[in-house]
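Student: Please take a close look at one part of this model, the charged side chains and their surroundings. I would like a single connected account.

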Amino acid sequence: MAVSFTTLQIYDQYLTTYRSRDNKYNGSNRKVNKRSSRYDTHDQSELQNVYSAIQWKNRFAPLYLNEPSPKSIAFAVHLKESAQNLKQTITSLSGDDNDLFAMKTAYSDNENLATVEYMPEKSDGNVPSSFTLEVESFASPQVNTGKFIEADQATALKPDSYSFDILTNKLHYELQFNVNEGETNSELQKKLARLINNSDIGVSAKVIEDGELSALEITSDAYGLPFQNERHFTINDDKTSYHNGVVDYLGLNDTVKEASNAIYSINGNEESSYYNSFDVLDAYHVTLHPENGTGTANVGLFADAESLSYNIETFVDGYNHFLTGVLADATAEENTTPNDDDLSLTRLLSKDMTKFLDLHKTNLEKYGITVNDDASLEYEKTDLFADSGALQGFGNQMMRKLTSISLDPMEYIDRRICAYPNPFTNYINPYMTSIYTGMLFNAYT
């Protein structure tokens, strides 16, 4: 298919919408990369299967007249991505033998200290069912805290152009700025904090206050002891391009808290980590919570019935978010709130999913899953069947349904049929089901 101006707009909207979701920020304004898993990537055979499915679908599809509004376009894009996300959720619940809903679930009896995920894809199969985790200290970044000075007092620096250097990982950055007439210490500190944060050089900054005093605090993005250097970053203005003096004036090297590693023990064997999240025995991914202090936690695997209950609950939550969150995401894209007209966008989707779930309603009820009139699901924990075969069969059918939705999300938007393909010809006709069909497989490829 030739790339047109219309398809370029679609790709631009798709990438702009979902590229920003790859990273998020924590409470200290430091960027945190989303941890990838094996379900975020796709091999060549999967992409070939998607391409073949697109060709087959286009071969028999009629020609439609699309007059989509901006909201319906956003709805189709979010529907496609949500279907892919739900597929990843279901796949992540598969066990070691790729049986759906057979994933074991890990627990921690002290989640204030540590939370845990079971991720056995790297293990050799000899995974202990439990272990004791004792945390002695947490990983921390390097923190330079400047001197506290009168916040509302005019700065003693002469109005002029200034600069100072930050050296991180052997990279040299020079930050340049102006000091204006009548500028207060607090205004100068906030200006430098914005300058550092916008530079994205491996450190972040903020202004901390103590009564009428304020100080500039600079923190490294990296945690743990540096690999080679003594510190993650150093600050000076000895050989800078413009006027110096701001480092001494703000005391940016006066108080330095050195970075440290997390120190912990697994069944009495001491280990360390550069971060507060780490893998144990190549099967457990542990995340420590420094705000709650040190302590001990017993970590292990739930019994199969308890794990199955957790898997069902995770699926139901993911499915309901898929069904109801699509419209909310689409309207958020347009900076509007859903109204009665917008709810018509989900009419075809709800109708189709209701028809699909009715075929599996009896089997789902055996596991405590109730299908509501609006096609949403509810789960109430019950005495689970030892045999999860019926649930696995439903999962496989759901995966095929989600694949169909992601191939052509425009099927769930009202559109007119203009012409049907010639059923007596064997060649692939030029009719195209949707300009969204050939879009990126998902946001991670």
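Tutor: In this predicted model, glutamate 258 is partly exposed, with a relative accessible area of 36%. Its salt-bridge partner is arginine 231, with N and O 2.9 Å apart. Glutamate 258 belongs to the loop between β14 (255-257) and β15, and arginine 231 to the loop between β12 and β13, so the pair ties together parts that are 27 residues apart in sequence. Arginine 231 has a relative accessibility of 34% and therefore also counts as partly exposed.

The whole structure holds six salt bridges. Another of them joins glutamate 217 to lysine 206, at 4.0 Å from N to O. Here the two residues sit in strands: glutamate 217 in β12 and lysine 206 in β11 (residues 203-210), so this bridge ties together parts that are 11 residues apart in sequence. The strand of glutamate 217, β12, covers residues 213-223. Glutamate 217 has a relative accessible area of 15%, which means that it is buried, the cut-off being under 20%. Lysine 206, at 40%, is partly exposed. Beyond its neighbours within four places in sequence, glutamate 217 touches Val143, Asn144, Thr145, Ser204, Ala205, Lys206 and Ile208.

A further salt bridge links lysine 191 and glutamate 183, whose closest N and O atoms are 2.9 Å apart. Both lysine 191 and glutamate 183 are buried.

Aspartate 237 is a buried charged residue without a salt bridge. What is the nearest side chain of opposite charge to aspartate 237, and how far away is it? It is lysine 147, 12 Å away. Aspartate 237 is placed in the loop between β13 (233-236) and α5 (246-250), and its side chain makes polar contacts with backbone nitrogens instead: a polar atom lies 2.7 Å from that of glycine 245, and the side chain reaches that of valine 246 at 3.4 Å. Residues up to four places away in sequence aside, aspartate 237 is in contact with Ser163, Phe164, Asn244, Gly245, Val246 and Val247.

The strand before that loop, β13, belongs to an open antiparallel sheet of three strands, in the order β10-β9-β13. The edges are β10 (171-179) and β13; each has a single partner strand, so one side of each lacks a neighbour in the sheet. From one strand to the next, the twist averages 25 degrees. Strand β9 (residues 160-168) runs antiparallel to β10, and nine bridges join them. Within this pairing, aspartate 165 has glutamate 174 of β10 as its bridge partner. Helix α4 (residues 185-199) packs on the sheet and touches β9 and β10, its direction making about 145 degrees with that of β10.

To return to the loop of glutamate 258, the strand that follows is β15 (residues 262-266), in which four of five residues are buried. On one hand, β15 pairs with β6 (residues 130-137), antiparallel and over four bridges; valine 135 has tyrosine 264 of β15 as its bridge partner. On the other hand, five bridges join β15 to β16 (residues 269-273), also in the antiparallel sense, with serine 273 of β16 as the bridge partner of alanine 262. The hairpin of β15 and β16 has two residues between the strands, and asparagine 267 there takes a positive phi near 50 degrees.

Technical notes:
Residues numbered from 1 in each chain as written. Predicted model: local features only at pLDDT ≥ 70, side-chain atom pairs only at ≥ 80, totals over all residues. Heavy atoms only, no water. Buried < 20%, exposed > 50% of the residue type's maximum accessible area, 1.4 Å probe, protein only. Lys, Arg positive; Asp, Glu negative; His and termini not counted. Polar contact = N/O pair within 3.5 Å; in protein donor to acceptor, adjacent residues only side chain to side chain. Contact = heavy atoms within 4.5 Å. Pairing = 2+ DSSP bridges. Axes fitted to C-alpha atoms, helices over the stretch in contact; angles between N-to-C directions.
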